[in-house]
Amino acid sequence: MSKIGIIGRSVIVIRPDESMRLIVTAFVGVLLGFLVGLSFSDSVSRFTSSPVKDAYSSISTEQLLHHAFKGSSTQVQTTSNNTSKIWASSNPRGAERLPPGIVVAESDLYARRLWGEPNEDLAMKPKYLVTFTVGLSQKSNIDAAIKKFSESFTIMLFHYDGQTSEWDDLEWSKRAIHVSVSKQTKWWYAKRFLHPDVVAPYDYIFIWDEDLGLENFDAEEYLMLVEKHGLEISQPGLYPDRGTTWHMTKRRTDLEVHKNTTERPGWCTDPNLPPCAAFVEIMAPVFSRDAWRCVWHMIQNDLVHGWGLDLALRKCVEPAEEKIGVVDAQWIDHQIVPSLGNQGLSENGKAPWEGVRERCIKEWSIFRDRFYNADKAYYKEMGIDPPNSTSV
């Protein structure tokens, strides 16, 4: 018996009821494994036959399974590189994700109705834009001036004195665009409200002062002469002579248009450069669409009076001595009314206009220095010597 007992401690004895329990457990395990395998196989099948199948056709099974279980953030990142996503590099900056057919890169100033069919809003589209920067004290003068412009012109008034409703009694004012920001100049307005992509529908843009007499001026006739003589930047001749600074802008009675003049001795280093040629003043300039696109980019945000701009306009057309000129057959009277100048601040015993004029002179100096430095930096980067005519 003792031997049998020793052998019993070294052998596993399985009773009948334990054998049955093991068999059942093994069977259930195999069955569950089979069902889980079927379910996983079906999930993979559905995943690989989804709409992104083509995009992943070259990915191995191992990579695919890794992708499936890695998480939603990775899926977004990978999908963003999918070639089915739109990226039109020819679209304007910031709009590359849009289909080119829906992109509208330019706008307009045409007022539209709140009802009806959009394609029936406009009986006609004005071809030209005229802007005046105005104060109420010049209301009667502006009223007379606007009547020189036909319905082919969009009218836009920039109000520097904040008074806009006072113009409502004028018939044309109802179809004009009124913009009002207190004590701002026309170049401040132009930089912010006349972006080239907004005024792109207009063939010509007039950016005029308020103190101009237009008794001898017809806008349509003026533009006919502008096109006849190939002018991209122009102004009407000034008459009578009120002691204007530049000979170039004085009206000549023997010509339709002139593009150069003889200035006082020492004023012109080159007969084809300002102020003897390629020059108009900033009181009443008229720009073609293409010329304005260039000029707009040259206007500085902080230099609001535009002094010095007239000497630099030639940078925007080529050849400037042929495409910038003065229209003599249509002339205007510069009345020299310092109404905007009176919007300045009286300091240190000085009249408001004196402070404004000091700012104008200072801006001219700043603009000249900026242009010189920009020219110099460009030619240095290009590794070439600048031409003699780069300064303004």
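This is a short chat about a predicted model of one protein chain.

Q: Start with the basics. How many helices and strands does the chain have?
A: Eleven helices and nine strands. Keep in mind that the model is predicted.

Q: And how much of the chain is buried?
A: Of its 392 residues, 36% count as buried. The accessible surface of the chain is about 23600 Å², and carbon and sulfur atoms make up 55% of that.

Q: What share of the contacts comes from residues 24 or more positions apart?
A: Such residues account for 69% of the contacts in the chain with a separation of 6 or more.

Q: Let's look at β1. Where is it, and is it covered or open?
A: Strand β1 covers residues 128-134 and is mostly covered, with seven of its seven residues buried.

Q: Which residues sit on which side?
A: Y128, V130, F132 and V134 are on one side, while L129, T131 and T133 are on the other. Both faces are covered. In general, side chains in a regular strand alternate between the two faces of the sheet.

Q: Which strands does β1 pair with?
A: One is β2, residues 153-159, which runs parallel to β1 and is joined to it by seven bridges. Another is β4, residues 204-208, also paired in the parallel sense, over five bridges.

Q: Got a residue pair for each? What is the bridge partner of T131 in β2?
A: M156 is the partner of T131. The chain gets from β1 to β2 through helix α5, residues 139-146, and this β-α-β crossover is right-handed. On the β4 side, Y128 stands opposite Y204.

Q: Is that α5 helix enclosed or out in the open?
A: Helix α5 is largely enclosed by the rest of the structure, because six of its eight residues are buried. Those residues are K139, N141, I142, D143, A145 and I146.

Q: What covers them?
A: The cover for the buried residues of α5 includes β1, β2 and β5, the last at 212-213.

Q: Changing topic: cysteines. How many disulfides are there?
A: A search of the whole structure finds two. With the bonded cysteines numbered in sequence order, the pairing is 1-2, 3-4.

Q: Take C268 first. What is its partner, and how far apart are the sulfurs?
A: C268 forms a disulfide with C276, and their sulfur atoms are 1.9 Å apart. The link is right-handed, with 95 degrees about the S-S bond.

Q: Are those two cysteines buried or exposed?
A: C268 has 23% relative accessibility, so it counts as partly exposed. C276 is at 6% and therefore counts as buried.

Q: And the C294 link: which cysteine is at the other end?
A: C316, with the sulfur atoms 2.1 Å apart. This link is left-handed, at -70 degrees about the S-S bond.

Q: Where do C294 and C316 sit in the chain?
A: C294 is in helix α8, residues 289-298, and C316 is in the loop between α9 (309-312) and α10 (320-323). The two are 22 residues apart, and the pair links distant parts of the chain.

Q: Why does C294 count as partly exposed?
A: Because its relative accessibility is 30%, and the partly exposed class lies between 20% and 50%. C316, at 13%, counts as buried.

Q: Last one: is C360 buried or exposed?
A: C360 counts as buried, because its relative accessibility is 7%.

Methods: Residues numbered from 1 in each chain as written. Predicted model: local features only at pLDDT ≥ 70, side-chain atom pairs only at ≥ 80, totals over all residues. Heavy atoms only, no water. Buried < 20%, exposed > 50% of the residue type's maximum accessible area, 1.4 Å probe, protein only. Helix = DSSP H or I, 4+ residues; strand = E, 2+ residues; numbered from the N terminus. Pairing = 2+ DSSP bridges. Right-handed = clockwise from strand over helix to strand, strands pointing away. Contact = heavy atoms within 4.5 Å. Areas by Shrake-Rupley, 256 points an atom, 1.4 Å probe, with all protein chains shown as cover. Disulfide = S-S within 2.5 Å.
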